[in-house]
Amino acid sequence: MQPTPAITRASRPRISFKRKGLWGAAFLIVLLLIVCVLLSIYVGWKLTHPLRDPLKETPEPYGMTFEQVQFQSRTNDVTLKGWFLPSESSPAKLNIIMAHGYRKNRLQSDAEALKLSKTLVEQGYNVLMFDFRNSGESGGELTSVGYLEKYDLLGAIDWMKANHPGTIALHGFSMGASTALIAAAEEPDVAGVVADSPFNHLTRYLKENLPVWSHLPNIPFTPLILGILPPLTGIDPNQVDGFSAVDRIYPRPILFIHSTDDHSIPYENSETMWAKHPDRFELWKTSGADHVKSHAVHPKEYEEKVLQFYSRFEQQQPLQQQ
């Protein structure tokens, strides 16, 4: 019979090796978690602090008269800049405020917003184009994807009411479309909204589509980024809720425009909001156009559609040119 101490001594190296292996695996897991968290913080910061897209043209080459304007966001913490494009006829039929998308500026070049504005002013409408915070020429250093931009758009409404009193409509693209919906829900003086390619709820949209913007795997990064964003930036994505906002806009009309070939924000986002009140809301589904490019691809049909929509407000309170 072998002595017990000999067996114990032979076992010790194996036990020590196993413990070292477990500690090594635990260290690698912790290191991986730290890397994932740090990467999520970095991506969350970059998503909310995108580089500004500089203005590359003005309304002048399009033969439009324009006025450089600036005003405060309704939060009174950011100065916003833009152009006021007066109607070519007097009095103007309607005031239209445009709202651009994420990482864009007032030009919204992929939607050819200046060409659209030219048609609108020729047809008797005033147009205000401006940059959201941290975009174009406006102040601010944070892009909140609608959470704070709502107050910027409300500030634009305040400026329009003070300088060109009359009926107001909003025309938004992508993030600007979602922002227009939540702003209109809070501002009863908005008569109607054209929402081109909006998302219906920021948190739900990001849960499904954040990898499109972050270029990272959905798991584990989407939950990590969504958990980190509120304490990192003060943004609450749940408050950017167009799906609920449309109930507060109703019975005022909304025209949803969305391409079935949109690879950034699926058209079902618009469809779900339209379906809540189809008696007052309209949905024009286009095809062959990627995100917010319905006007660029179908300019004639697009302009006819929005002009028909805006014409319903022309019999309201006349606008006085200032």
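# Exercises on pockets, cavities and helix packing

The largest pocket holds about 190 Å³ of space. The structure here is a predicted model, and the exercises below walk through its empty spaces, its helix contacts and a few backbone details.

## Exercise 1: the largest pocket

Work out which residues sit closest to the centre of the largest pocket, and how its lining divides by class.

*Solution.* Start with the lining, which has 13 residues. Closest to the centre are Tyr 102, Lys 104, Asp 110, Trp 213 and His 291. Next, sort the lining by class: three residues are nonpolar, five are polar and five are charged.

## Exercise 2: the enclosed spaces

Find how many cavities of 30 Å³ or more the structure has, then describe the largest cavity and the second largest one.

*Solution.* Begin with the general idea: rolling a probe the size of a water molecule over the atoms reveals where empty space remains.

Step one is the count. Searching the whole structure gives three cavities of 30 Å³ or more.

Step two is the largest cavity, with a volume of about 240 Å³. It is lined by 17 residues, and those closest to its centre are Tyr 102, Val 145, Leu 202, Leu 206 and Trp 213. Now ask which elements supply the lining. Helix H1 (4-48) and helix H5 (202-214) each give at least two residues, and H5 provides the largest share, five residues. By class, the lining of the largest cavity has 14 nonpolar residues, three polar and no charged.

Step three is the second largest cavity, at about 40 Å³. Its lining consists of Met 98, Ala 99, His 100, Arg 106, Gln 108, Ala 113, Met 129, Phe 130 and Phe 173. Strands S3 and S4 (125-130) are the elements that give two or more residues to this lining. Six of the lining residues are nonpolar, two are polar and one is charged.

As a last step, look across the linings. Tyr 102 and Trp 213 are among the residues closest to the centre of the largest pocket, and both are also among those closest to the centre of the largest cavity.

## Exercise 3: two partners of helix H4

Describe how H4 packs with H7, and then how H3 packs with H4.

*Solution.* Two packed helices are described by the angle between their axes and the distance between the axes.

Take H4 (residues 175-186) and H7 (residues 242-249) to begin with. Their axes lie 8 Å apart, at an angle of about 40°. H4 and H7 are therefore oblique to each other, and their crossing is left-handed. On the H4 side the contact uses Leu 181, Ile 182, Ala 184 and Ala 185, while H7 brings Gly 242, Ala 245, Val 246, Arg 248 and Ile 249. These contact residues divide into seven nonpolar, one polar and one charged.

Now turn to H3 (residues 149-163). The axes of H3 and H4 come within 9 Å and cross at roughly 65°. That makes H3 roughly perpendicular to H4. The crossing of H3 with H4 is right-handed. Glu 149, Lys 150, Leu 153 and Leu 154 of H3 make the contact with Met 175, Thr 179, Ala 180, Ile 182, Ala 183 and Glu 186 of H4. This contact has six nonpolar residues, one polar and three charged.

To finish, compare the H4 residues in the two lists: Ile 182 belongs to the contact with H7 and also to the contact with H3.

## Exercise 4: H2 against H10

Classify the packing of H2 and H10, and list the residues that meet.

*Solution.* The axes of H2 and H10 (residues 299-311) are 11 Å apart, and the packing angle is about 45°. H2 and H10 are therefore oblique to each other, with a right-handed crossing. From H2, Lys 115, Leu 116, Thr 119 and Leu 120 meet Tyr 302, Glu 303, Val 306, Leu 307 and Tyr 310 of H10. Six of the contact residues are nonpolar, one is polar and two are charged.

## Exercise 5: backbone details

Locate the cis peptide bonds at Pro 220 and Pro 251, and place Gln 108.

*Solution.* The bond from Ile 219 to Pro 220 is cis, with omega near 10°, and Pro 220 lies in helix H6 (residues 218-233). Tyr 250 and Pro 251 are likewise joined by a cis peptide bond, with omega about 15°; Pro 251 is in the loop between H7 and strand S7 (254-259).

Gln 108 is a residue other than glycine with a positive phi, near 40°. Its place is the loop between strand S3 (94-99) and helix H2 (113-122). Gln 108 also appeared in Exercise 2, in the lining of the second largest cavity.

Methods. Residues are numbered from 1 along each chain as its sequence is written. This is a predicted model: local features need pLDDT of at least 70, side-chain atom pairs count only at pLDDT 80 or more; totals for chains, interfaces and linings use all residues. Side-chain values use heavy atoms; hydrogens and water are left out. Axes are lines fitted to C-alpha atoms, for helices over the stretch in contact, and angles run from 0 to 180 degrees between N-to-C directions. Helices (H or I, at least four residues) and strands (E, at least two) are DSSP runs, numbered from the N terminus. Angles under 35 degrees count as roughly parallel, over 145 as roughly antiparallel, 65 to 115 as roughly perpendicular and the rest as oblique. A crossing is left-handed if the near helix is turned anticlockwise from the far one by less than a right angle, and right-handed if clockwise. Contact means heavy atoms within 4.5 Å. Ala, Val, Leu, Ile, Met, Phe, Trp, Tyr, Cys and Pro count as nonpolar, Asp, Glu, Lys and Arg as charged, and the others, Gly among them, as polar. On a 1 Å grid over the protein atoms alone, a cavity is a set of points where a 1.4 Å probe fits but cannot get out, and a pocket is an open set with protein on both sides within 12 Å along at least five of seven lines; lining residues have an atom within 4 Å of a point. Grid points are joined across faces, edges and corners, and a volume is the space filled by probe spheres set on the points.
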